[in-house]
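Here are my notes for a colleague opening this structure. Please keep the model on screen while reading.

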Amino acid sequence: MNGELRFPEGFLWGTATAAYQVEGAAQEDGRGPSIWDTFAKTPGKVLNGDTGDVACDHYHRYPEDVRLMKELGMQAYRFSIAWPRIFPEKGRYNPKGTDFYKRLVDTLHQHGILPVATIYHWDLPQWIQDEGGWANRRSVDYFVEYANTLFRELGDVVPLWITHNEPWCVSFLSHWLGQHAPGHRDLREALQVAHHVLLSHGRTVQAYREAGLSGRIGITLNLTVVDAASEDPADLRAAQISDGNANRWFLDPIFRGSYPADMVEIYTEQAGPFDFVHADDLDIIRRPIDFLGVNYYTRSVVRAGEDGMPKPVPPAGPVTDMGWEVHPESLYRLLTRLRREYTGLPLYITENGAAYPDRVVDGRVDDPERIAYLRDHFAAAHRFIQEGGNLQGYFVWSFMDNFEWAFGYSKRFGLVYVDYATQTRIPKASALWYRDVIAANGIR
Ligand SMILES: OC[C@@H]1[C@@H](O)[C@H](O)[C@@H](O)c2nc(CNc3ccccc3)cn21
C-alpha cells in the first residue's frame, strides 16, 4: 500500500514498565524499603505526596495485565526487577521476591510474550543507601551478588537482560540535580555514582558470560540530541558540554573504554580528582555487550549561561504534557550518530512515548496526540533502518499509566488508561492503533 512503512521481519514490538512505578504491594512477601519509598514519603519530594505503595497493583493484577498485552498484540514486555524484593535486608535473600518474577515470566511465556528484564530501575534498597548508596564502591559488589542471584533463578527463562536503566538519571538527576531519590546535590558524588553504576554494569556483563547463559545482555541509556540555540561559539561550546554530560559521559566508557577528555577536564576542575577510578575499572566497563537500549523522548536546545555552562532554551515547537518538545527527527539523528560514532551492535528503543492529559469520555480515551507522536517516531526509526541501521525492536513507554516519579500520578504515559480509584484498565485509542501497527508490522 502506498505510503506504508513496513519494518523488517522479526522486528520486536513491545511495551515497558518499571517495578516501583507499577507493582505496588510495597511490603508484600517480604519486600523491604527502597530509596524511592523513603523519597516519596519525604514531604515535598513527590507531587501531591503520591507514593508507589499501591501504584497499578501490578503485583497482584499482572495476570490481567499480561492478558491485555496479548489482546493488544504485544510481542515483548520490558519490566524491571525490584532489588528490595530480592534482598530486603543486608545479607538476606528473599525467595518469595524471586517467586513473583518467576510467576510473571511464566505468565508471559504462556501468552507468547518475550520477557525483557531490567535489573535496576532506580529502586535501590534503603539498607544500601544507609551505607552510602551508589557513592560507596561496595554497592558494586552488592549489585553483582543481586544480578548473579537473578541469573541463577531466572537466567534460563529471561532471554534479554538490561543491567541498568539510565545511569544518567541514577547519577546526575538524583545526586547532582536532586530531583530523584536520594535527592542529593553534589557533583562529586554524582560522578562517583556514575562510575560505580557503570562499573557494576561491566562486572555484571562479565558475570553473565561466566554464567554461560544463552540470552543476551545490554544496558539502557537515556540519550538525546543537543542543539545550540545559535551559531555563537559560546552557545556551540555549551551544546558540546551538554552533549558530554547527557550522552558521551556514558557512551564513551561503554564503547571506547574512557571518559570524554573535554568533560574530565571540566569535572576535575569543578569536583576534584577522579581518585575513585581504579586502574582496571574502564577495562571492565567496556566489556562487550550484545545490544544497546536507547531511551529517547526529546531533543534539547541550549545556550551559554554567564559562566559558559549550558542553559536550557524553552521549546519553540509542540510539547507533551511533560513540556518536552516533540521532535521525532532527532530520534533519527540520534540513531544515526550512534551508528556512525559508537556501535553497529543491535539497538532497541527501550523507551519512547508521551504524556498527555488523557480523559475518559463515555468509557473511551481518545489520544490522537499520542498516536501522532508514536507514528512520527516510528517513521523516524524506519528511516534509520532503511538506511541500514541495526534497530531490532521498539518498546513504547508505557504499557499503562503509572507512578511518574516526582510527578506522582499526574502524568499519564500509558497506552492503557488506569483509573487508580478502581484499578480499572481502559485501552486508549493509541493502544488499539499500536495493535494494528504490530499486526501490519508497519505504519500507514
Ligand atoms: O518520564 C517518563 C519515563 C519514566 O517513567 C521512566 O521510568 C524512565 O526510564 C524515563 N526516562 C526518561 C527520559 N529521561 C529522563 C530525563 C529527565 C528526567 C526524567 C527522565 C523518561 N522516562
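Is W397 buried or exposed? W397 counts as buried, at 4% relative accessibility. Keep in mind throughout that this is a predicted model. The points below start from W397 and its strand.

1. **The strand of W397.** W397 belongs to strand β12, residues 391-397. Six of the seven residues of β12 are buried, so the strand is largely enclosed by the rest of the structure.

2. **Partners of β12.** Strand β2 (residues 12-16) pairs with β12 in the parallel sense, over five bridges. Within that pairing, W13 stands opposite Y394. Strand β11 also runs parallel to β12, and four bridges join them. Here N352 has V396 as its bridge partner.

3. **The annotated active site.** UniProt, in an unreviewed entry, lists E166 and E351 under "active site". The two span 186 residues in sequence, yet no two of their C-alpha atoms are more than 10.6 Å apart, so they gather at one spot.

4. **E166.** Look for E166 in the loop between β5 (160-165) and α8 (167-175). E166 is buried, with a relative accessible area of 6%. Leaving aside neighbours within four places in sequence, E166 touches W122, T220, L221, N222, N295 and E351. So the other annotated residue, E351, is among its contacts.

5. **E351.** E351 sits in strand β11, residues 347-352. E351 also counts as buried, at 5% relative accessibility. Beyond four places in sequence, its contacts include R78, H121, N165 and E166. V294, N295, Y296 and Y297 are also in contact with E351, as are F395 and W397. N295 is thus listed for E166 and for E351.

6. **The annotated binding site.** Which residues does the UniProt annotation "binding site" cover? In the unreviewed entry, they are Q21, H121, N165, Y297, W397, E404 and W405. Several of these names recur in the contacts of E351: H121, N165, Y297 and W397.

7. **Q21.** Q21 lies in helix α1, residues 19-22. Its relative accessibility is 0%, and Q21 counts as buried. Setting aside neighbours within four places in sequence, Q21 is in contact with A55, C56, H121, W397, N402, F403, E404 and W405. H121, W397, E404 and W405 carry the "binding site" annotation too.

8. **Aromatic pairs.** How many aromatic pairs does a search of the whole structure find? The search gives 48. In one of them, the ring centres of Y77 and F79 are 5.7 Å apart and the planes are at 35°, so the pair is tilted. Both residues are buried: Y77 has a relative accessible area of 0%, and F79 has 2%.

9. **A stacked pair.** W83 and Y146 form a stacked aromatic pair, 4.7 Å centre to centre, with 5° between the planes. W83 lies in helix α4 (residues 83-86) and Y146 in helix α7 (residues 138-154), so the pair ties together parts that are 63 residues apart in sequence. W83 counts as buried at 1% relative accessibility, and Y146 is buried with a relative accessible area of 0%.

10. **A ring cluster.** Ring pairs link Y20, W36, F39, W122, F403, W405, Y409 and Y420 into a cluster. W122 from this cluster is a contact of E166. F403 and W405 are contacts of Q21.

11. **Charges over rings.** The charged end of R383 sits over the ring of Y332, 3.6 Å from its centre. R412 does likewise with Y417, its charged end lying 3.9 Å from the ring centre.

12. **A three-stranded sheet.** Now turn to an open sheet in the order β7-β9-β10, with mixed pairing. β7 (226-228) and β10 (310-312) stand at the edges, each with a single partner strand, so one side of each is left without a neighbour in the sheet. On average, neighbouring strands here are turned by 45° against each other, direction ignored.

13. **Details of that sheet.** β7 and strand β9 (residues 300-304) run parallel, joined by three bridges. D227 stands opposite V301 in β9. Helix α10 (residues 233-256) lies across β7, β9 and β10, running at about 130° to β9.

Terms used. Residues are numbered from 1 along each chain as its sequence is written. This is a predicted model: local features need pLDDT of at least 70, side-chain atom pairs count only at pLDDT 80 or more; totals for chains, interfaces and linings use all residues. Side-chain values use heavy atoms; hydrogens and water are left out. UniProt positions are given in the numbering used here, feature names are shortened, and annotations may be inferred rather than shown by experiment. Helices (H or I, at least four residues) and strands (E, at least two) are DSSP runs, numbered from the N terminus. Buried means under 20% relative accessible area, exposed over 50%, partly exposed in between (1.4 Å probe, protein chains only). Contact means heavy atoms within 4.5 Å. Two strands pair if DSSP finds at least two bridges between them. Axes are lines fitted to C-alpha atoms, for helices over the stretch in contact, and angles run from 0 to 180 degrees between N-to-C directions. Rings of Phe, Tyr and Trp (its six-membered ring) pair if their centres lie within 6.5 Å; planes under 30 degrees apart count as stacked, over 60 as edge-to-face and the rest as tilted. A charge sits over a ring if NZ of Lys or CZ of Arg is within 6 Å of the ring centre and within 35 degrees of the ring normal.
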